[in-house]
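The following exercises concern charged side chains and their pairing. Please inspect the structure before reading each solution.

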Amino acid sequence: MRQSPIGSPRPPVSAVAEVSELIELLEVVWERGRDTVCAPPVSSAQARVLFLVEKNEEINLRTLGGLLGAAPSSVTRLCDRLQAVGFLERNPSPADRRELQLRLTAQGRTYLVDLRARRKEALTEAIAAMPPASRAALAVGLADLREAVSAPLRLPRTLNGAESRTA
């Protein structure tokens, strides 16, 4: 296999492989640091639920399941566990009483703040070991990657309490 010349952009397949490997390594770091967070630990699947509920306040179970790509029963079990530890609350929707809206509790928000602080500490240490030019390139690349990844995870803004729809 030929290597790309220095200074040329890597082929997307190579970048995907690098990012995939990095994600796997980060998951190991996150799991290792999980024991230091001062709250009941949550699984990586439960953490994803907390992050999505935080970004999409008052999301319902069906929409959350769609974002996770998970079956309704799995989403319900995840939310049951998060509610049991006090991180999540479910309330009937004012628009449709049959629908449940999810919302983080103060304890859930605090957990995410603590979790992010621990992750930031681990990343700060790792990134500090990189050469300055690599750090700068990483910052630009990751900002663009974050935008590309987060766009489909954001729900449409609501207008007068109803989801905006396009014709």
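**Exercise 1.** Does Glu-57 count as buried, partly exposed or exposed, and what is its relative accessibility?

*Solution.* The model is predicted: local features need pLDDT of at least 70, side-chain atom pairs count only at pLDDT 80 or more, and totals for chains, interfaces and linings use all residues. Residues are numbered from 1 along each chain as its sequence is written, and side-chain values use heavy atoms, without hydrogens and water. Buried means under 20% relative accessible area, exposed over 50%, and partly exposed in between (1.4 Å probe, protein chains only). With 34% relative accessibility, Glu-57 is partly exposed.

**Exercise 2.** Identify the parts of the chain that the salt bridge between Glu-57 and Arg-103 ties together.

*Solution.* A salt bridge places a side-chain nitrogen of Lys or Arg within 4 Å of a carboxyl oxygen of Asp or Glu. For Glu-57 and Arg-103, the closest N and O atoms are 3.7 Å apart. Helices (H or I, at least four residues) and strands (E, at least two) are DSSP runs, numbered from the N terminus. Glu-57 lies in the loop between helix 2 (44–55) and helix 3 (61–68) and Arg-103 in strand 2 (residues 100–104), so the pair ties together parts 46 residues apart in sequence.

**Exercise 3.** Describe the salt bridge between Arg-90 and Asp-80.

*Solution.* The closest N and O atoms of Arg-90 and Asp-80 are 2.4 Å apart. Arg-90 belongs to strand 1 (residues 88–92) and Asp-80 to helix 4 (residues 72–84), 10 residues apart. Arg-90 is buried at 17% relative accessibility, whereas Asp-80 is partly exposed at 35%.
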